[in-house]
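Trainee: I would like to take a close look at one part of this model, and I would rather have one connected account than a list of remarks. Please go through it slowly.

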Amino acid sequence: VIPDKVRIPCYIVIIAAFVTLVKMVMNAYVPEIYNLLGVYLDLLVVNCIILGRAEMFAREHTVADSALDGLGMGLGIGGGFSTAMGQMTNNLGAMNQPAPTITCPKCGIANPSGAKFCANCGQTLQAQQGTPCPKCSQINPSGARFCANCGAPLAPQTIRCECGQENPSGARFCSGCGKKLGGE
């Protein structure tokens with residue numbers, strides 16, 4: 001009844017519709033099983049699409065051409081999947097960075113960044129010395145050019161002279177008045 005040219009697309013649509021119908025029924029009547037199966041029901045549809053495409057190619061080409069096509073498709077899909085998973089893992093890992101903290105010198109408890117007193121012992125806290133990263137707020141050693149946590153470039157630090165002139169952090173003398181920088 002179905003012409004040969006559209007047999008594979010019809011096969012994919014019928015399977016996809018059936019799987020979608022089963023998903024809806026399972027979600028309505030047995031949500032526990034639906035939640036356990038998760039993405040596997042959707043993978044059935046993807047599998048049908050991939051196999052349907054492979055069958056359409058194999059029908060019109062030789063065995064050697066079909067084998068090379070299958071190898072190429074496998075490498076392409078595998079490479080794309082690996083790249084996507086790597087990117088998602090990287091993005092999720094960046095989201096789970098701990099908030100910066102200040103460690104109390106007296107009791108060693110970590111306190112939120114910006115706290116003036118320790119929540120455990122009441123000790124006065126001093127702000128950590130260094131350069132905060134504009135991307136992830138990690139405190140980096142003074143003079144660092146890139147964040148040790150995320151690799152973002154850090155804004156160059158400057159030293160303000162008594163005369164008000166801003167000088168690069170590595171400067172030994174003020175570019176405005178010539179005084180030696182560094183409090184000497």
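Trainee: With which residue does Asp69 form a salt bridge, and how far apart are the closest N and O atoms?

Mentor: Bearing in mind that this is a predicted model, the partner of Asp69 is Arg53, and the closest N and O atoms of the two are 2.5 Å apart. Asp69 belongs to helix H4, which covers residues 63–95, whereas Arg53 belongs to helix H3, residues 40–60, so the pair ties together parts that are 16 residues apart in sequence. The two partners fall into separate accessibility classes: Asp69, at 15% relative accessibility, counts as buried, while Arg53, at 32%, counts as partly exposed. The cut-off that places Asp69 among the buried residues is a relative accessible area under 20%.

This contact is one of five salt bridges that the structure holds, and helix H3 takes part in another, since Glu55 forms a salt bridge with Arg59, with 3.8 Å between the closest N and O atoms. That distance deserves a careful reading, because a salt bridge is counted here when the nitrogen lies within 4 Å of the carboxyl oxygen. Both Glu55 and Arg59 lie in helix H3, four residues apart, which is about one turn of the helix. The geometry behind such a spacing is general: an α-helix has 3.6 residues a turn, so residues three or four places apart point the same way. Glu55 is partly exposed, with a relative accessible area of 35%, and Arg59 is partly exposed as well, at 41%.

A further salt bridge joins the side chains of Lys179 and Glu162, at 2.9 Å from N to O. Lys179 sits in the segment after strand S6 (166–168) and Glu162 in the loop between strand S5 (158–160) and S6, so this pair ties together parts that are 17 residues apart in sequence. Lys179 counts as partly exposed, at 44% relative accessibility, whereas Glu162 is exposed, at 71%.

Returning to Glu55 and Arg59, salt bridges that share partners join them with Arg7 into one network. Residue 7 is also where helix H1 (residues 7–29) begins, a helix of 23 residues that reaches 33 Å from its first C-alpha to its last, close to the 33 Å expected at 1.5 Å a residue. Within H1, the residues Ile8, Ile12, Ala16, Val19, Lys23 and Met26 are buried, and the buried residues of this helix pack against helix H2 (31–37) and H3.

Notes:
Residues are numbered from 1 along each chain as its sequence is written. This is a predicted model: local features need pLDDT of at least 70, side-chain atom pairs count only at pLDDT 80 or more; totals for chains, interfaces and linings use all residues. Side-chain values use heavy atoms; hydrogens and water are left out. Helices (H or I, at least four residues) and strands (E, at least two) are DSSP runs, numbered from the N terminus. Buried means under 20% relative accessible area, exposed over 50%, partly exposed in between (1.4 Å probe, protein chains only). The expected span of a helix is 1.5 Å times one less than its number of residues. Contact means heavy atoms within 4.5 Å.
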